[in-house]
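Here are my notes on the structure, set out as numbered points. Please read them with the model open.

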Amino acid sequence: FMEAGFSDGFVAKINPDNATVLWATYVGDDDTGSIEVRSLAAGSPGSVLVGGWTNSRWLASTEGVIQEEFAGGTPLNALGDGFVVSLSSTTGTLVWSTYFGGSGDDFVNVLRSTPDGDILIGGETNSTDFPVTAGVLQGGFGSAYLFVYDGFVARISGDGRILRWST
């Protein structure tokens, strides 16, 4: 769904019967940023979820999602945001995409679709302003040390528009 940039991830759907590529797409941009795909999961019927890390300010986030803009630092410090992308499982085209993180370094490492269509996200962060919600297990970053990460778990709506909870 994007042009190739400095370092991009990719996703491909392969026919298990004859190993032919049904579709393939870059997960990236034409910027000098890097994008790492760290997780793939089946989404709601007809979709594939892709998660990872990027320090690119030009990921194709879609309007109305949880985080439309990059928040992960400056080009000099190479910090990045996590991201979640939903692709059509039929064509590989972009359905929606969102950044997920704060001003530090954030990684989306695990994605799972729930029976009701929401998405569970697991990862790590060192952002003191990571998006958390009220009444959760840990409502903020827990370390005072540089380059130490906290794990996080979040639940978002299947369309990427609502942060249900995050800790």
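1. In this predicted model, strands 7, 8, 9 and 10 make an open sheet, in the order 7-8-9-10 and with antiparallel pairing. The edge positions are taken by strand 7 and strand 10 (163-166); each has a single partner strand, so one side of each is left without a neighbour in the sheet. Direction ignored, neighbouring strands of this sheet are turned by 20° against each other on average.

2. Within that sheet, strand 7 and strand 8 (residues 119-125) run antiparallel and are joined by seven bridges. One residue pair to look at here is D106 with its bridge partner T125, which is in strand 8. The two strands form a hairpin, with five residues between strand 7 and strand 8. G117, in the turn, has a positive phi of about 95°.

3. At the other end of the order 7-8-9-10, strand 9 pairs with strand 10 in the antiparallel sense over three bridges. Here A154 stands opposite S166 of strand 10.

4. A further open sheet consists of four strands in the order 3-4-5-6, again with antiparallel pairing. Its edges are strand 3 (35-42) and strand 6 (94-100), and because each has a single partner strand, one side of each lacks a neighbour in the sheet. From one strand to the next, the twist averages 20°.

5. Strand 5 (residues 81-88) is paired with strand 6 over six bridges, in the antiparallel sense. G82 is found opposite F100 in strand 6. F100 comes up again below, under the aromatic pairs.

6. D81 deserves a separate point. This residue lies in strand 5 and is buried, yet has no salt bridge. How far away is the nearest side chain of opposite charge? That side chain is R57, at 8.2 Å, and the cut-off for a salt bridge is 4 Å, so R57 does not qualify. D81 does have polar neighbours: its side chain makes a polar contact of 3.1 Å with the side chain of Q67. In addition, a polar atom of the D81 side chain lies 3.3 Å from the backbone nitrogen of G72.

7. Five aromatic pairs turn up in a search of the whole structure. One of them is W53 with F107: the ring centres are 5.9 Å apart and the planes are at 20°, so the pair is stacked. W53 belongs to strand 4 (residues 47-54) and F107 to strand 7 (residues 106-113), and the pair links parts of the chain that are 54 residues apart. Both W53 and F107 are buried.

8. F100 and F152 form another aromatic pair, this one tilted, with 5.8 Å from centre to centre and 45° between the planes. Since F100 lies in strand 6 and F152 in strand 9 (residues 150-156), the pair ties together parts that are 52 residues apart in sequence. Are these two rings in buried or exposed residues? F100 is buried, with a relative accessible area of 0%. F152 is buried too, at 4%.

9. Which residues share one aromatic cluster with F100? They are F130 and F152. When checking this region in the model, view F100 together with its place opposite G82 and its tilted pairing with F152.

Notes
Residues numbered from 1 in each chain as written. Predicted model: local features only at pLDDT ≥ 70, side-chain atom pairs only at ≥ 80, totals over all residues. Heavy atoms only, no water. Pairing = 2+ DSSP bridges. Axes fitted to C-alpha atoms, helices over the stretch in contact; angles between N-to-C directions. Buried < 20%, exposed > 50% of the residue type's maximum accessible area, 1.4 Å probe, protein only. Lys, Arg positive; Asp, Glu negative; His and termini not counted. Polar contact = N/O pair within 3.5 Å; in protein donor to acceptor, adjacent residues only side chain to side chain. Phe/Tyr/Trp six-rings, centres within 6.5 Å; stacked < 30°, edge-to-face > 60°.
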